[in-house]
Amino acid sequence: METNLINEIKEKIYNLDYIKEKDKTLIEDIICGKMNLKRVAFIVDLIIDMNIDKDSLLAFLTYQLFKVDEEKAEKIEKELTTDAIEMVETYKVIKDISQLTLSEEIEDIKRMFVAMSKDMRVVFIKLAGICYDISILELPLTEAQRRFVKQVEEIHVPLSERLGFDKLKQDLADNVIRLLHPEEFQRLKESVQSKYEENEKQLTISKSKIYAILKDLNIKGEIVARQKHISSIYNKLHSKNLRLNQIYDIIAMRVIVETVEECYAVLGRVHAIYKPMAGRVKDYIANPKPNGYKSLHTTIIVENQHPMEIQIRTYEMHRESEYGGVCAHWLYKEKKNKKDELDSRMTWFRETVENAKNMSNDDFINTLKSDLYDGIIFVQTPKGRVIEFPEGATAIDFAYAIHTDVGNTCVGAKINQKMKPLNTPLANGDIVEIITSTQSKGPSRDWLNFVRCNNTKSKIRAFFKSEMKEENIKIGKSILVELLQDKNFVPSQLLNNDYLKEIFAKFNFENEDELYAAIGCGSLSAGQVAGRLIAYWNRDHKIEKISTNVVHLKKNKEGVLIDGDSGLLVRFAGCCSPIEGDEIIGYISRGKGVTIHRHNCPNIKYLEPERLIGAQWQERENASFLATLKVIADKADNNIAKLTTLITNMKLPIRGFEAKDIGDIFDCFITIEVKNTAELQKVISSIKTLKNVTDVYRSEKW
C-alpha cells in the first residue's frame with residue numbers, strides 16, 4: 001500500500017513538463033515511506049492542479065523530508081535553487097497547527113502573514129495542508145480538534161476567500177460545517193443528492209444548447225457544470241434567512257472562453273433563448289469583487305421551470321477564481337515597473353504584518369477577524385484617488401491612509417463638501433477632504449475606540465509610543481512590578497539581567513526601556529511578560545521533593561477550617577475549588593495561613609516553590625463543598641428542565657446556574673453542593689445519560 005502510494009506520487013510528478021532526469025533522481029532521494037504519504041499526495045495534487053513551479057514543489061517535498069530525516073534533508077537542500085531554499089526555511093518557521101499550543105497557533109498565523117507578504121506560494125501550500133488536516137477529522141471531536149476547527153472557521157476560511165482561493169475556501173468551509181453542524185450538513189447533503197438525477201438531465205439539455213451558441217458564434221470554449229457546495233447553501237440559508245427552494249444557484253454552469261468580448265457575446269445569446277430572472281444578472285467583470293473575482297453571472301429559468309445560474313468568464317478569470325488572484329499574481333506576473341491592481345491589493349497584507357509587531361496576540365486575532373469579515377467600501381479624495389476601506393471606517397482612517405502626518409494633524413473633515421465629525425463612518429463613493437492644522441497637539445487616545453483600520457490604530461499607538469516614551473516607560477515598569485508583587489514575587493529577583501535577556505529575545509526588544517514602553521502604551525500585555533518571568537524562575541528553582549510536613553484538615557466547633565496540628569488558619573483556593581477526594585497541596589501565604597489547592601491547579605506553577613507544603617484529608621462528618629460542572633449539549637427546548645430536575649432528584653443543592661445557546665449548542669455552567677469527588681463523579685455520569693448531552697466535565701468558572 002505504502003509502495004503503491006509512493007509510486008503514484010512519483011508518477012504524477014514525473015509527468016510534469018518541467019521535471020528533468022536530474023530532478024527525478026532528486027525526487028527519488030526525497031520521497032520515502034516515513035512521510036505522511038496521504039497528506040503529501042493530497043498537497044502534491046493541488047500543486048499540480050494549480051500549475052505551481054518546480055521550486056515550490058521541490059521545496060515542499062524537501063520540508064516533508066526534514067520532518068522525518070533532518071540529516072538527509074540538509075544534504076538535499078544544498079542542491080536546490082536559492083528561491084527553493086528560502087521557501088524551505090519559511091516552512092520551518094511556519095509549523096503544523098496540529099503540533100501547536102493555542103498561543104503558538106497565534107504566533108504561527110503572524111508568521112504566515114509575514115510569509116504572505118514575501119511569497120504567496122508558501123501560503124497556498126500551508127492552507128492546502130490545513131485543508132487536508134481538517135478533511136481527515138471524524139466525529140466526535142476532542143477539545144483540541146474542536147478548537148482547531150473553530151480557528152479554521154474564523155481565520156482560514158475568510159482568509160482563503162480574501163485571497164481568492166475559491167477551491168480551498170469551499171473545501172475548508174464544507175469540512176467546518178460537516179464537523180460543527182453534522183446533522184444539518186447531512187440533511188442538506190441528502191436534499192441535494194435527492195435531486196441529482198433531475199439536475200443532471202437538465203444540465204445535459206442546457207449544455208447542448210450553450211455549446212450550439214458557441215459554435216454559432218465561432219467561439220472556442222468549454223462548459224463545466226457544478227452543484228453548489230453544502231457550506232455555501234448552509235451560509236445562504238442562515239445569513240439571508242432563506243428556504244432551500246429560494247436558493248437559485250444550487251446547480252450552475254461555467255462557460256469559459258478566450259476573451260472578455262466573447263463573455264458578453266455569450267451572455268446576450270443565452271438571454272435570447274432563456275428568460276433571465278430579474279435582479280439576478282451581475283457583472284463582476286466591470287465591477288470585480290473585493291478579492292479580485294471576475295465573471296458574468298446570470299440566473300435563468302430552464303426547461304424544468306427551475307432556476308439555474310450561468311457563470312461566463314475567460315480562462316484567466318477562471319484560473320484566478322480557482323487559485324486566487326493574488327496568488328496568480330505571484331505565479332504568472334512578468335517583471336514590470338508600474339503597480340497593477342493586484343499590487344495595490346497586497347497593501348492589506350503588508351499593513352497586517354506591520355501591525356502585528358505592535359499588538360498583543362489577543363488584539364492581533366480580534367482585529368484580524370474583524371478585518372477579514374468586514375465588507376469593503378471605496379472612498380475618493382477630491383482629486384479622484386480611490387482608497388479601499390473596511391465597512392465602518394471613519395474620516396480619521398481616511399486621514400491616516402493619506403499620510404501619517406495628515407492623520408496626526410487632522411482637526412476636521414468634509415464629506416461630500418459638508419463638514420462632519422472626525423468619527424463619522426464613511427459610505428461607498430464618499431468624497432472626503434481632510435482639514436489639518438499646524439497647531440494640532442496630535443491624535444486623541446479616544447480615537448482608538450472608533451477607528452476601524454488596523455493600520456490607523458498602529459499609527460496612533462506609534463505616535464503615543466514616540467511622543468510619550470518616557471511616560472510609557474514609567475507606566476509600563478510600574479504595571480509589571482505591581483503585577484509581580486500581586487503574584488507574591490519579589491520583582492528584583494525576576495527582573496534580573498539573565499531573565500530579561502530571554503524576554504528581549506522572545507519579544508524582539510533591545511533593552512528594558514523598549515520593554516516597559518511597549519507595556520506602557522498597551523502594545524504588549526504585562527501578563528505575558530510576568531508569565532514568562534515566573535516560568536523562568538520556576539525552571540531555575542525546582543524543588544526535588546515537596547516538604548514532608550503535612551496539613552491535616554478538620555472542622556472545629558465554629559465550623560472554621562483549621563490545621564489539626566499547628567492551629568494555622570486554612571482556606572480553600574477559589575481558583576480550583578478542591579473537594580474531599582481531590583489530591584491537594586498547601587501554600588503558606590503571607591498573613592493568610594495555608595491556602596489549599598488541587599494538586600493539578602494551573603496556578604501552582606506561579607507560586608513560590610519553597611512555600612508549598614503537603615496536605616491530606618481527614619474524615620469529617622457533614623462536610624460539603626461547591627463544585628462547578630460545564631455541560632455541553634445539542635440545542636433543545638427542555639435542556640434546562642431536564643438538567644435541574646436530575647440534580648434535584650439526587651437531593652443535591654444547586655448554588656449557581658448559567659446557560660446560553662451558542663448556535664446549535666447549549667452551553668451551561670452549574671454549581672452544586674457535594675460531599676466528595678465520588679458524589680461529583682456520580683452526578684457527571686448521570687448527566688451524561690441525558691439525551692442531547694455531548695460532554696460534561698468539572699470546571700473552574702466560579
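In what order do the four strands of the open sheet run, and is their pairing parallel or antiparallel? In this predicted model, the order is β19-β20-β18-β21, and the pairing is antiparallel. β19 (654-662) and β21 (693-699) sit at the edges with a single partner strand each, so one side of each has no neighbour in the sheet. From one strand to the next, the twist averages 15°. Helix α29 (residues 677-688) packs on this sheet and touches β18, β20 (665-674) and β21. The direction of α29 makes about 160° with that of β21.

Within the sheet, strand β18 (residues 625-634) and β21 run antiparallel and are joined by six bridges. One residue to look at here is Val631, whose bridge partner in β21 is Val696. Val631 turns up again around Cys668, a residue of strand β20, since the contacts of Cys668 beyond four places in sequence are Leu629, Lys630, Val631, Leu643, Phe657, Glu658 and Ala659. Cys668 has a relative accessible area of 0%, so it counts as buried. Asn639 is 29 residues away from Cys668 along the chain, and the C-alpha atoms of the two are separated by 9.6 Å.

Stepping back to the whole chain, the secondary structure comes to 29 helices and 21 strands. Of the 702 residues, 48% count as buried. Taking contacts between residues at least 6 apart in sequence, 66% join residues at least 24 apart.

As for the nonpolar interior, nonpolar side chains in soluble globular proteins tend to be buried together. Here the largest nonpolar core has 62 residues, and the members that touch the most others are Ile9, Ile13, Phe60, Ile134 and Val149. Helix α8 (residues 120-135) supplies the largest share of this core, with 10 residues. Another core, of 32 residues, lies apart from it and includes Leu214, Val266, Leu296 and Ile310. Back in the largest core, Ile13 gives a feel for the packing: once its neighbours within four places in sequence are set aside, Ile13 is in contact with Ile19, Ile27, Ile31, Val44, Ile48, Leu57 and Leu61.

Among the helix pairs, α23 (residues 469-486) and α26 (residues 512-521) pack with their axes 6 Å apart, at an angle of about 85°. That angle makes α23 roughly perpendicular to α26. On the α23 side, the contact is made by Lys469, Asn472, Ile473, Ile475, Gly476, Lys477, Ile479 and Leu480. The α26 side brings in Asp513, Tyr516, Ala517, Ile519, Gly520 and Cys521. Sorted by class, the contact has eight nonpolar, three polar and three charged residues.

An open sheet of three strands is also present, in the order β10-β9-β11 and with antiparallel pairing. Its edges are β10 (418-420) and β11 (432-436), each with a single partner strand, so one side of each is left without a neighbour in the sheet. The twist in this sheet averages 35° from one strand to the next. Five bridges pair strand β9 (residues 410-415) with β11 in the antiparallel sense, and the bridge partner of Ala413 in β11 is Ile434. Helix α20 (residues 395-402) packs on the sheet, where it touches β9 and β11, and its direction makes about 80° with that of β11.

Strands β7 and β8 form a hairpin with five residues between them. β7 (residues 376-380) and β8 (residues 386-390) run antiparallel and are joined by five bridges, with Pro390 in β8 as the bridge partner of Ile376. In the turn, Gly384 has a positive phi of about 95°.

A few backbone details in the loops round this off. Most residues other than glycine have a negative phi, and most peptide bonds are trans. Asn218 departs from that with a positive phi near 60°; Asn218 is found in the loop between α12 (196-216) and β1 (222-227) and counts as exposed at 70% relative accessibility. Gln305 likewise has a positive phi, near 65°. Gln305 lies in the loop between β5 (296-301) and β6 (307-314), and is exposed, with a relative accessible area of 60%. A cis peptide bond, with omega about 0°, joins Leu139 and Pro140. Pro140 belongs to the loop between α8 and α9 (143-163).

Definitions and conventions:
Residues are numbered from 1 along each chain as its sequence is written. Side-chain values use heavy atoms; hydrogens and water are left out. A nonpolar core is a set of buried Ala, Val, Leu, Ile, Met, Phe, Trp, Tyr and Cys residues joined through side-chain atoms within 4.5 Å. Buried means under 20% relative accessible area, exposed over 50%, partly exposed in between (1.4 Å probe, protein chains only). Helices (H or I, at least four residues) and strands (E, at least two) are DSSP runs, numbered from the N terminus. Contact means heavy atoms within 4.5 Å. Axes are lines fitted to C-alpha atoms, for helices over the stretch in contact, and angles run from 0 to 180 degrees between N-to-C directions. Angles under 35 degrees count as roughly parallel, over 145 as roughly antiparallel, 65 to 115 as roughly perpendicular and the rest as oblique. Ala, Val, Leu, Ile, Met, Phe, Trp, Tyr, Cys and Pro count as nonpolar, Asp, Glu, Lys and Arg as charged, and the others, Gly among them, as polar. Two strands pair if DSSP finds at least two bridges between them.
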